[in-house]
Amino acid sequence: MYFELSEEQLQVRESLRRAMASILTPDYLRKIDQEGTYPYEAYDAWVQLGLTGCGIPTQYGGTGGSIEDLALISEALAYFSYDVSTAFMVSLFTGMTLLKCGRSEQKAALLPQLVNGEIRMSVCISEPEAGSDVGAIKTRAVKAGNKWVLNGQKLWVTAAGARKSMLQIYARTDANTSAKKGMSVFLVPNDTPGIECRKLEMLGRRAAGSYEIFITDVRVPETAILGEVNRGWEYLLAGLQAERALTSSGYAGAAQKVVDIAFTYASERKQFGKKLGEFQAIAHMLADMQTEVDAARLLAYRAAGRLSRGLDASREVSMAKLFGSETYIKVANQGMQILGAYGYSLETEMQRHFRDARSTTIGAGSSQMQRNTIATMMGL
Ligand SMILES: Cc1cc2nc3c(=O)[nH]c(=O)nc-3n(C[C@H](O)[C@H](O)[C@H](O)COP(=O)(O)OP(=O)(O)OC[C@H]3O[C@@H](n4cnc5c(N)ncnc54)[C@H](O)[C@@H]3O)c2cc1C
């Protein structure tokens with residue numbers, strides 16, 4: 001058993017961190033968080049660096065690579081900002097669903113555009129009455145001649161309003177059966193007539209942004225159906241594991257940044273004539289934080305590793321998602337305590353982690369749903 005990254009993987013992570021340091025500066029991150037603006041400049045840089053081709057086969061203009069490689073990118077980007085990393089991850093893991101489930105002509109048309117930055121992707125599942133219970137979605141698509149007409153509403157969709165977003169909209173296509181048998185996925189550009197995206201005011205994750213989408217008589221051609229009609233449930237499950245594995249490595253990257261900030265502060269700040277880190281209460285808190293972040297990272301790597309090898313990873317992905325998200329929240333809370341009032345100030349970075357972290361046990365399947373999955377996999 002060997003739990004270390006290879007020399008090459010370490011280099012990828014480090015060179016990415018170095019390349020991003022000049023773009024994802026503290027001032028830039030503070031500005032887009034406060035103003036709630038999408039990180040277009042960062043996305044353009046990812047395209048230039050070839051990151052948007054990772055995981056996409058060379059026949060579609062990508063650089064190949066696996067979920068494991070994407071997990072390392074996600075970890076490295078989230079080290080700067082979990083929020084900003086989601087702009088990258090959402091687009092890529094939604095692209096993975098297209099790669100896995102799309103028809104060959106769809107992949108040939110859209111994947112090169114994803115790689116070269118002409119489009120990005122968002123996944124539209126949740127609705128006002130359908131959160132954890134995806135089967136309750138009400139958005140529907142009805143066939144009219146050679147078109148499909150979509151009506152409904154989506155909620156909380158990450159980055160849906162960003163320029164050139166291609167939405168993957170989950171809709172009921174057969175009202176006479178369950179969502180498992182009667183749901184499909186539609187590929188719809190976000191500037192299609194009848195699509196209205198409204199950015200929502202959220203506590204965190206303010207740059208990538210969360211959107212409410214109103215879908216009114218949106219007419220799309222038959223070719224807009226991802227893969228085959230009525231196979232949406234299968235495609236949903238195929239996409240969720242990659243989504244959760246990548247967000248989990250993002251949690252580890254962001255949580256590590258929290259520990260590093262708190263460690264640096266505790267090594268410099270003096271009270272009662274001593275550095276904070278010399279007080280055992282603070283040193284032990286930091287020791288616990290680093291231990292838990294290491295455990296979160298290992299769980300995330302295990303999940304990504306299994307997916308990269310084509311193995312089922314439902315249990316491992318849920319464990320990584322559950323533990324990683326709860327660890328990020330926990331260390332952001334402890335980090336704020338270590339920084340005292342500085343941590344609580346909107347002028348420092350810790351509060352952004354505190355806010356961004358809080359979303360992670362809710363989005364991409366809540367902690368309760370992950371526990372349900374793990375318990376089921378245990379045979380309960
Ligand atoms: C930052 C963020 C980004 C998101 N991005 C997207 C996106 O890009 N696309 C998209 O489609 N959606 C997105 N979502 C929505 C997300 O998928 C849902 O928030 C999530 O599935 C939970 O649904 P809900 O919020 O409606 O909560 P509910 O399902 O209403 O649950 C409320 C509470 O009840 C608990 N609960 C529900 N059912 C059970 C059960 N059976 N057992 C135990 N507890 C239960 C939940 O865990 C939760 O604590 C995002 C959400 C957030 C916060």
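Student: Which residues of helix α4 are buried?
Tutor: The model is predicted: local features need pLDDT of at least 70, side-chain atom pairs count only at pLDDT 80 or more, and totals for chains, interfaces and linings use all residues. Numbering starts from 1 along each chain as its sequence is written. Helix α4 (a DSSP run of H or I, at least four residues, numbered from the N terminus) comprises residues 67-78. Those that are buried (20 or more other C-beta atoms, placed from the backbone, within 10 Å of the residue's own) are Ile67, Glu68, Leu70, Ala71, Leu72, Ile73, Ser74, Glu75, Ala76, Leu77 and Ala78.

Student: Which helices are included in what covers the buried residues of α4?
Tutor: Helix α4 is mostly covered, with eleven of its twelve residues buried. The cover includes α1 (7-21), α5 (82-101), α8 (232-268) and α9 (280-308).

Student: Are α4 and α9 roughly parallel or roughly antiparallel?
Tutor: The axes of α4 and α9, lines fitted to C-alpha atoms over the stretch in contact, come within 7 Å and cross at roughly 150°. Such angles run from 0 to 180 degrees between N-to-C directions, and over 145 degrees counts as roughly antiparallel. The pair is therefore roughly antiparallel.

Student: Which residues of α9 make the contact with α4?
Tutor: Two residues are in contact if their C-beta atoms, placed from the backbone, lie within 7 Å. By class, the contact of α4 with α9 has six nonpolar residues (Ala, Val, Leu, Ile, Met, Phe, Trp, Tyr, Cys or Pro), two polar and one charged (Asp, Glu, Lys or Arg; the others, Gly among them, are polar). Helix α4 contributes Ile67, Glu68 and Ala71. From α9 come Ala300, Tyr301, Ala304, Gly305, Leu307 and Ser308.

Student: How many nonpolar residues are in the contact of α8 with α9?
Tutor: The axes of α8 and α9 come within 9 Å and cross at roughly 160°, which makes α8 roughly antiparallel to α9. Besides five polar residues and one charged residue, the number of nonpolar residues in their contact is 19.

Student: Why is Ser248 classed as buried, and how many other C-beta atoms lie within 10 Å?
Tutor: Ser248 belongs to helix α8. Ser248 is buried because the number of other C-beta atoms within 10 Å is 34.

Student: Which residues does Ser248 touch, not counting residues up to four places away in sequence?
Tutor: Gln290 is 42 residues from Ser248 in sequence and 16 Å away in space, C-alpha to C-alpha. With residues up to four places away in sequence left out, Ser248 touches Leu299, Ala300, Ala303, Ala320, Lys321 and Gly324.

Technical notes: Helix = DSSP H or I, 4+ residues; strand = E, 2+ residues; numbered from the N terminus. Expected span 1.5 Å × (residues − 1). Parallel < 35°, antiparallel > 145°, perpendicular 65-115°, else oblique.
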